[in-house]
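Let's take a walk through a protein model together, one piece at a time. Keep the sequence and the 3D view handy as you read.

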Amino acid sequence: MTTLIRTAQRTLLRSSSSFLFQTTRPYSSDAITKSPFESNILRILRTEINYQFDYAPPHQAVTKFDSFTVQDRPGEQLITMSGKFGDTENVRIEATMFDGCVAVPKLGDESSGQDFALHLSLIVDISKGDGLDELEFVCSAWPNFLEIQKVYMLRRDALLAMPYLGPDYRKMGAKLQKALKEYLEARGVNDELAVFLHEFMMNKDRTELIRWLGNVKTFVEE
């Protein structure tokens, strides 16, 4: 991925709070000496936190999927997954939280109107050793399938101002598209991974929301 894209992504991630909010229910109705306005904010925050726990309480995040180890840093908008393929290849995945959606028809013969399918983005880096070249896939993960958007060849031994990274995957020939997709699937990056990531991010979204509410409450209380 180009330096510009990575810089923008890292800037977005650093906007998240790094304060660790424990996902337990530590809030009570004890009176706090605050102005009426601040007391009202605190009351609303407590109510919202309790509602989130009752409506969809988060659960303990998983740390493994297939051959990958999952690394989830609280307060960040992405997770990292790392694994190996064979004896020489390292596979590293960075996946965002939900970053978009599209309208889709509702399922069922009697259904009418539209529903929404959530989207998240993946960067898959495949390397054969530290400091060596990498093959990078930029992908979209929908609720039950994965699609490739772009494929880059990253040269680690060249400092080019405007490197040529490769053609748009969607403009490649059908046979080359299929071959690259099968290459990625052989390394465990497939539709099953998309399903796992959507379940994982649903839980992370709830956890981060409760964390954010707790951060705001702490700030108002201090």
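Which residue in β3 does V70 stand opposite? V70 faces M81.

Before going on, a word about what you're looking at. This is a predicted model, where local features need pLDDT of at least 70 and side-chain atom pairs count only at pLDDT 80 or more, while totals for chains, interfaces and linings use all residues. Residues are numbered from 1 along each chain as its sequence is written, and side-chain values use heavy atoms, with hydrogens and water left out.

Now for the overall layout. The chain has four helices and eight strands; helices (H or I, at least four residues) and strands (E, at least two) are DSSP runs, numbered from the N terminus. Follow the chain from the N terminus and you meet the elements in the order α-α-β-β-β-β-β-β-β-β-α-α.

Back to the strands. β2 and β3 run antiparallel and are joined by four bridges (two strands pair if DSSP finds at least two bridges between them). Their hairpin has five residues between the strands, and G75 there takes a positive phi near 90 degrees. β3 also runs antiparallel to β4, with eight bridges joining them, and K84 stands opposite N90 in β4. The hairpin of β3 and β4 has three residues in between, with G86 in the turn at a positive phi of about 70 degrees.

Next, the inside. Of the chain's 222 residues, 37% count as buried, meaning under 20% relative accessible area (exposed is over 50%, partly exposed in between, with a 1.4 Å probe and protein chains only). In soluble globular proteins, nonpolar side chains tend to be buried together. A nonpolar core is a set of buried Ala, Val, Leu, Ile, Met, Phe, Trp, Tyr and Cys residues joined through side-chain atoms within 4.5 Å. The largest one here has 31 residues, and M81, I93, L122, V124, F137, L193 and L197 touch the most other members. Elements giving it two or more residues include β3, β4 and α4, and α4 supplies the largest share, six residues. Apart from this core lies another, of five residues, including L45 and I210.

Take a look at I93 too. Beyond its neighbours within four places in sequence, I93 is in contact (heavy atoms within 4.5 Å) with residues including F68, M81, L122 and L193.

Finally, find K217 in helix α4. Why does K217 count as buried? Because its relative accessibility is 6%. K217 and I44 are 173 residues apart in sequence, yet 9.6 Å apart in space, C-alpha to C-alpha.
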